Amino acid sequence: MNENQQLTIHFNNGTTLEVAFPKQIKNSSGAVMEAVKRVLESDKLTIEADGRLVVIPWASVQHVEVTPVPSALPFGAIKGAKIVEKRS
């Protein structure tokens, strides 16, 4: 079973950063939900990668994509949707 996650960060200036990482939380969906909540409430995203710390202010991020979908989603998330048209 592949435990890797992929995060694609789309920045306001049109660039993207793709990050692959092992699954961070293997506990209950409640623990996953709490981690997602903390990341979304923070003013920055921090990533440890390749021996360095990368700090990305959320103000510079247009949106992010995470695959596969986490086992728990924030309250109110629309589930089972299909992106029909992606605009740049």
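**Close-up views of a predicted model**

**View 1. His 10 and its partners in strand β1**.
Leaving out residues up to four places away in sequence, His 10 touches Thr 15, Thr 16, Val 61, Gln 62, His 63 and Glu 65. Contact here means heavy atoms within 4.5 Å. The model is predicted: local features need pLDDT of at least 70, side-chain atom pairs count only at pLDDT 80 or more, and totals for chains, interfaces and linings use all residues. Residues are numbered from 1 along each chain as its sequence is written, and side-chain values use heavy atoms, with hydrogens and water left out. His 10 sits in β1, residues 4–11. Strands (E, at least two residues) and helices (H or I, at least four) are DSSP runs, numbered from the N terminus. The side chains of His 10 and Glu 65 are joined by a polar contact of 2.7 Å. Such a contact is a pair of N or O atoms within 3.5 Å; within protein, one must be able to donate a hydrogen and the other to accept it, and residues adjacent in sequence count only if both atoms are side-chain atoms. Why is His 10 classed as buried? Its relative accessible area is 14%, and buried means under 20%, exposed over 50%, partly exposed in between (1.4 Å probe, protein chains only).

**View 2. Gln 5, also placed in β1**.
Gln 5 counts as buried because its relative accessibility is 14%. A polar atom of the Gln 5 side chain lies 3.3 Å from the backbone oxygen of Pro 68. Pro 68 is also on the contact list of Gln 5, as are Val 66 and Thr 67. The rest of that list is Val 19, Ala 20, Phe 21 and Lys 23, with neighbours within four places in sequence set aside.

**View 3. Val 19 in strand β2**.
Strand β2 runs over residues 16–22. Val 19 counts as buried, at 12% relative accessibility. Val 19 and Leu 7 are 12 residues apart in sequence, yet their C-alpha atoms are 5.1 Å apart in space. Beyond four places in sequence, Val 19 is in contact with Gln 5, Gln 6, Leu 7 and Ile 47.

**View 4. The largest nonpolar core**.
Which residues make up this core? Leu 7, Ile 9, Phe 11, Val 19, Leu 45, Ile 47, Ile 56 and Val 61, 8 residues in all. β1 and β3 (44–49) each supply at least two of them. The largest share, 3 residues, comes from β1. A nonpolar core is a set of buried Ala, Val, Leu, Ile, Met, Phe, Trp, Tyr and Cys residues joined through side-chain atoms within 4.5 Å.

**View 5. Ile 56 and Val 61, two members of that core**.
Ile 56 belongs to strand β4, residues 52–57. Ile 56 is buried, with a relative accessible area of 5%. Aside from neighbours within four places in sequence, Ile 56 is in contact with Ile 9, Phe 11, Leu 17, Lys 44, Leu 45, Ile 47 and Val 61. Ile 56 and Phe 11 are 45 residues apart in sequence and 9.7 Å apart, C-alpha to C-alpha. Val 61 touches Ile 56 too, along with Ile 9, His 10, Phe 11 and Asn 12, residues up to four places away not counted.

**View 6. The whole protein, for orientation: 1 helix and 5 strands**.
Along the sequence the pattern is β-β-α-β-β-β. The C-alpha trace spans about 40 × 35 × 30 Å along its principal axes. Of the 88 residues, 15% are buried. Among contacts with a separation of 6 or more, 47% link residues 24 or more positions apart.
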